[in-house]
Amino acid sequence: MTVSILIFLPVVAALVVLLFKNETAKHAALFFAVAEFAVTLLFLSKFIPDASTQFAVNAPWIPKMGIYFNAGIDGISMMMVLLTTLLVPLIILTTYQHQYKNAPAFYALILFMQAGLLVVFTALDGFLFYVGWEAALIPIYFICALWGGENRIRITIKFFIYTFAGSLFMLIGIIYLYLQNPERTFDLHQFYNLGLDAHHQSWVFLAFFLAFAIKMPLFPFHTWQPDTYTEAPSAGSMMLGGIMLKMGIYGVIRWMVPNVPFGFLQWQEPAVFLAIIGIVYASIIAFKQTDGKRLVAYSSIAHVGLIAAGILVWTQQGLQGAMIQMLSHGINIVGMFFIWDIISRRLNTRDISQLGGIAKVAPKFAIAFLIIVLGTVALPLTNGFIGEYLLLNSVFMGNIWLAAIAGLTIIFAAVYMLRMYKNVMQGETNALTATFTDIKGSEKLVLAIICVLIIGIGIYPQPLLHISDASVNHLAHDVYDKLIQYRH
C-alpha cells in the first residue's frame with residue numbers, strides 16, 4: 001500500500017464524476033471524497049508515529065532528467081493529508097443546498113484540486129512538488145472564474161498572476177538546487193545535504209519565501225486574498241482558506257528552512273517581523289469590515305501570520321503548534337464560511353449592519369455559530385487554543401516584545417468576532433431577519449461535525465500532537481545541527 005492510492009483516487013473520481021448529471025454528480029463526488037477519507041484513516045491506522053517516511057513510492061518518471069514520482073508520508077505529511085481528506089467531503093456536503101450550472105465540472109475540479117494538494121503534501125521530489133503546486137492552482141482558478149461573484153474575472157486574474165508569479169520564483173530555486181546536486185536529481189533529502197554557502201542559500205531562501213509568502217499569504221503579499229475569498233463561491237473560499245493556504249506553511253517547514261538553513265538565519269528576523277505586522281494590520285482592517293465573509297478573510301490573514309511567526313522562530317513547540325493549528329484553522333474557517341453561506345443564501349446579504357436577532361428564530365444555528373466563533377478566538381478547551389498557545393510560546397522564546405504584539409491576535413480576534421456575533425445574532429429581529437429559518441438536513445450535519453471537532457480537539461489534542469511529534473523533532477534538530485556548525 002503506497003501513497004499513490006491517495007493521490008490517484010481523486011483523479012479517477014473526478015473523471016468518473018464528469019460522466020454523471022447534476023444531482024448524481026454531487027452525490028458521486030461526496031461518495032468518492034468520503035472514500036478518500038476512509039483510505040486516509042486506513043493509512044493512519046497503519047502509520048507508525050516515528051520520523052521515518054512510510055507508504056513511499058519512488059518510480060521513474062523522466063529518469064534522464066533525474067525526475068521521479070517520489071512521494072511518501074511522515075508525521076508532518078500525515079497531518080496535512082488528514083486535513084485535506086477530512087475537509088473535502090465536508091466542503092462538498094456544504095454545497096448540497098446549492099444548484100450549480102454544470103455541476104459535474106464543478107465537483108470534478110474540487111476532486112482534481114484535492115489530488116494536486118495531496119501531491120504537494122507528500123512529494124519528496126522537487127519537480128513533483130512543483131507539478132502538484134501548479135496542479136492545485138488550475139482547478140481553483142476555474143472554480144472562482146466560472147462560479148464566483150460579479151467581479152470574479154478581474155479578481156481571479158489578479159489571484160492567478162500573484163500565485164503563478166510566486167511559483168515561478170520557487171521553480172527557479174528548485175532548478176538551482178537541482179543544478180548544484182552532483183547526482184542531478186530533484187530528491188528532497190539530497191537537497192538537504194547539498195551544503196551550499198550562506199550567500200547562495202540566501203538567494204534560494206528569497207525565491208522560496210516569495211512563493212510561500214504569497215500563498216499563505218503574509219503581509220505585504222496578501223492583497224489578492226480578501227477579494228478572492230469574498231468573490232469565490234463558498235466552496236472555493238473553503239478550499240482556499242481551509243486547505244490551499246496551508247501549502248505555503250507546509251512549504252516553509254518542509255522545503256524552505258531545511259533546504260537553506262543558513263539563508264533562513266540571515267533573513268529570519270525580517271520574515272518574523274513581516275508575519276507580526278500582518279497580524280496587527282489584518283486585525284485592524286477586520287474591525288472595519290461590514291461584509292461578514294470579508295471579515296473572515298482578514299481574520300484568516302491574522303491567524304496565519306501567527307502560524308508563520310511561530311514557525312519562523314524555529315522551535316519544536318512552534319512547529320508542533322503550527323501542525324495542529326493548521327488543522328484547527330482549516331476546520332474553523334470552513335465553519336465560518338459555511339455560516340456566512342447559510343446567512344447569504346437565506347437573506348441575500350452578508351452586510352452585518354442589516355442583520356440582528358437571528359438567535360431568536362434559529363437557536364440551533366446560533367449555538368453552532370457561537371461554538372465556531374469560540375474556536376476561532378482560541379477559547380481554552382476549543383481546538384484553536386492549544387495551537388495558538390504553542391505558537392505564542394515559540395515567539396516568546398524568540399523575543400518577548402514580539403510575543404506581546406503577536407498575542408494581540410487573540411485579543412483583537414475576540415473583540416471583532418464577538419462583536420460580529422452580537423450584531424448578527426443578538427438583539428431584536430428586523431423585517432429581514434425575522435424570516436430566517438433554522439438549520440436542517442445537510443446544514444445541521446456539517447455544523448454538528450465541525451462543532452464536535454472543535455470541542456473534541458480542544459479537550460484532547462494529544463493524539464494529533466503525537467502523529468507529528470517525532471517528525472517535527474527530527475526536522476527541528478536537523479536544522480539546529482546545521483546552524484550550530486555554521487555559527488562555529
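**Pockets, a hairpin and a buried threonine**

About 230 Å³ of space lies in the second largest pocket of this predicted model. Its lining is made up of 15 residues, and the ones nearest the centre of this pocket are H189, Y192, R254, H474 and L475. Two helices stand out as contributors here: α7, spanning residues 188–192, and α21, spanning residues 462–487, each supply at least two residues of the lining. Of these, α21 gives the largest share, with four residues. Sorted by class, the lining of the second largest pocket holds six nonpolar and six polar residues, alongside three charged ones.

The largest pocket comes next, and it is pleasant to set it beside the one just described. The volume of the largest pocket is about 440 Å³. Its lining is drawn from 21 residues, with W147, G148, G149, A232 and P233 lying nearest the centre. Three elements give two or more residues to this lining, namely α5 (126–147), α9 (224–231) and α14 (316–347). The largest share belongs to α14, which provides five residues. In chemical character, the lining of the largest pocket is evenly divided, with seven nonpolar, seven polar and seven charged residues.

Helix α9, one of the elements that line the largest pocket, also offers a residue worth a closer look. T228 is located in this helix. Is T228 buried or exposed? With a relative accessible area of 2%, T228 counts as buried, because this value falls under the 20% cut-off. Leaving aside residues up to four places away in sequence, the contacts of T228 are with C144, I155, F159 and L240. One of these partners, C144, brings the description back to α5, since that helix covers residues 126–147.

Turning from helices to strands, a hairpin can be followed in β1 and β2. Strand β1 runs over residues 54–62 and strand β2 over residues 67–73, and the two pair in the antiparallel sense through six bridges. At the turn end of the pairing, the reader may like to look for I62, which stands opposite I67 in β2. Four residues separate the two strands of the hairpin. Within the turn, G66 has a positive phi of about 75 degrees.

Terms used: Residues numbered from 1 in each chain as written. Predicted model: local features only at pLDDT ≥ 70, side-chain atom pairs only at ≥ 80, totals over all residues. Heavy atoms only, no water. 1 Å grid on protein atoms, 1.4 Å probe; cavity = no way out; pocket = protein on both sides within 12 Å on 5 of 7 lines; lining within 4 Å. Points joined across faces, edges and corners; volume = space filled by probe spheres on them. Nonpolar A, V, L, I, M, F, W, Y, C, P; charged D, E, K, R; others polar. Pairing = 2+ DSSP bridges. Buried < 20%, exposed > 50% of the residue type's maximum accessible area, 1.4 Å probe, protein only. Contact = heavy atoms within 4.5 Å.
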